[in-house]
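Q: I would like to learn how to read a structural model step by step, beginning with what is packed inside. Could we go through this one together, feature by feature?

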Amino acid sequence: MVETWTLLRLLRWTTNFFDEKGIDNPRLDAELLLAHCLELDRVGLYLNYDRPLSADELNVIRPLVKRRGQREPLQYLLGSTEFWSLKFKVTPDVLIPRGDTEILVEEALSHAAETGSLLDVGTGSGAIVISLATELSEWQMTGLDISLQALHVARENIESHQLEQQIELVEGNLAELPQQQYDLIVSNPPYIARSEWDGLMPEVRCFEPELALLAEENGLICYQQLAGQALQRLNSGGWLLVEIGCHQATVVKELFSAAGLTNLFVRDDYSGQPRVVGGQLL
Ligand SMILES: C[S@@+](CC[C@H](N)C(=O)[O-])C[C@H]1O[C@@H](n2cnc3c(N)ncnc32)[C@H](O)[C@@H]1O
């Protein structure tokens with residue numbers, strides 16, 4: 001007799017399959033993927049454990065399970081992710097926003113006055129600038145990226161959060177920032193050195209955009225270029241705040257100091273790793 005694929009049976013099979021493929025949270029990923037395919041939330045999954053799955057449902061689920069087994073990131077398969085408790089569309093054209101980057105958002109908020117102007121350099125999906133715009137309604141903001149494809153995704157996210165009046169997008173290279181002055185410049189730039197590439201997880205190395213990850217000069221080129229322009233692009237009293245890789249705090253602080261920024265600080269993330277460096281133009 002052919003055994004029926006109930007939801008629970010498929011969930012167990014998928015969890016084992018993901019585990020064998022080396023996926024970090026196999027049960028969670030299996031639950032999220034099945035819930036997505038069946039248009040249920042996770043509670044809905046638990047309530048439907050005994051439900052037999054139709055051939056049509058299995059045909060939708062199987063290819064996605066296979067792709068996740070090949071280490072394609074879950075967020076690209078779902079088409080969205082959460083950041084700052086907001087929903088963002090993500091595609092392989094943008095980096096998947098990371099929870100650690102919320103530290104940069106927190107620091108920007110704690111250095112922001114009532115009104116002002118902000119530039120998010122390397123905006124990608126728009127996660128940082130959109131999160132900040134939802135908190136700082138009196139600010140005018142700009143998201144800049146070199147990737148037109150990423151800017152298309154950012155545009156859709158801005159529209160879905162109805163922030164078109166507050167955020168403009170600019171295609172450009174961070175080596176030459178727009179000829180304007182800002183109260184806050186924030187950036188989560190590419191900062192992985194080429195020598196670190198092979199050590200990245202397959203989800204990152206094989207699927208996320210190389211343009212969003214790799215940086216020349218041992219991962220430091222973007223910090224050098226941003227620091228070099230800070231004096232011209234910041235208003236007096238303004239801050240440059242950047243996310244960093246966990247070994248880059250000292251050298252980025254030195255770059256900021258050499259560029260003339262003061263009140264330098266390093267903020268750790270919640271796992272105790274240095275995550276944000278900031279400096280002020282006085
Ligand atoms: C690490 S991702 C950050 C994306 C998003 N801000 C986030 O935190 O999720 C870096 C972004 O910088 C962009 N980028 C890379 N090189 C750049 C350059 N030279 N000028 C402007 N943007 C650049 C990439 O396209 C990518 O969207």
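A: Let us begin with the interior, keeping in mind that the model is predicted. In soluble globular proteins, nonpolar side chains tend to be buried together. Here the largest nonpolar core has 30 residues, and L118, I130, L132, M141, I167 and L241 are those with the most contacts inside it.

Q: Which elements give two or more residues to this core?

A: Helices and strands both take part: helix 6 (102-110), helix 7 (127-135) and helix 8 (148-160) on the one hand, and strand 2 (86-89), strand 4 (139-145), strand 5 (167-171), strand 6 (182-187) and strand 7 (234-243) on the other. Helix 7 provides the largest share, six residues. Apart from this core lies another one, of 25 residues, with L144, L174, L240 and I244 among them.

Q: If I want to follow one core residue, what is L132 in contact with beyond its neighbours within four places in sequence?

A: When following a single residue, it helps to set sequence neighbours aside and list the remaining partners. For L132 these are V105, A108, L109, L118, M141 and V186.

Q: How is the protein chain divided into domains?

A: A domain assignment splits the chain into parts that can be described one by one. In this case domain 1 covers 7-70 and domain 2 covers 83-280, and the centres of the two, taken over C-alpha atoms, are separated by 34 Å. The C-alpha atoms of the whole protein chain fill a box of roughly 75 × 40 × 30 Å along the principal axes, and the chain has 13 helices and nine strands.

Q: Turning to a single helix, is L34 buried or exposed?

A: Relative accessibility is the value to read here, with under 20% as the cut-off for buried. L34, which lies in helix 2 (residues 26-37), counts as buried because its relative accessibility is 0%. Not counting residues up to four places away in sequence, L34 touches L7, L10, L11, T14, L45 and I61. One of these partners, L7, is 27 residues apart from L34 in sequence, while the C-alpha atoms of the two are 8.5 Å apart in space.

Q: What of a charged residue such as D29 in helix 2: is it buried or exposed?

A: The residue type alone does not settle the matter, and the accessible area has to be read as before. D29 has a relative accessible area of 10%, and is therefore buried. Leaving aside neighbours within four places in sequence, D29 is in contact with F18, I23, R68 and L74.

Q: Which sign does phi of E39 have, and where is E39 found?

A: Backbone angles are read residue by residue, alongside the surrounding element. Phi of E39 is near 55 degrees, a positive value in a residue other than glycine, and E39 is found in the loop between helix 2 and helix 3 (42-47). Phi of R71 is near 75 degrees, again positive in a residue other than glycine, and R71 is found in the loop between helix 4 (55-69) and helix 5 (74-78). E39 is exposed, with a relative accessible area of 74%, whereas R71 counts as buried at 14% relative accessibility.

Q: How many positive and negative side chains does the protein chain have?

A: Charges are counted by sign, and the centres of the two sets are then compared. The protein chain has 21 positive and 41 negative side chains, with 9 Å between the centres of the two sets.

Definitions and conventions. Residues numbered from 1 in each chain as written. Predicted model: local features only at pLDDT ≥ 70, side-chain atom pairs only at ≥ 80, totals over all residues. Heavy atoms only, no water. Helix = DSSP H or I, 4+ residues; strand = E, 2+ residues; numbered from the N terminus. Lys, Arg positive; Asp, Glu negative; His and termini not counted. Charge placed at Lys NZ, Arg CZ, Asp CG, Glu CD. Domains from an automatic or database assignment. Core = buried A, V, L, I, M, F, W, Y, C linked by side-chain atoms within 4.5 Å. Buried < 20%, exposed > 50% of the residue type's maximum accessible area, 1.4 Å probe, protein only. Contact = heavy atoms within 4.5 Å.
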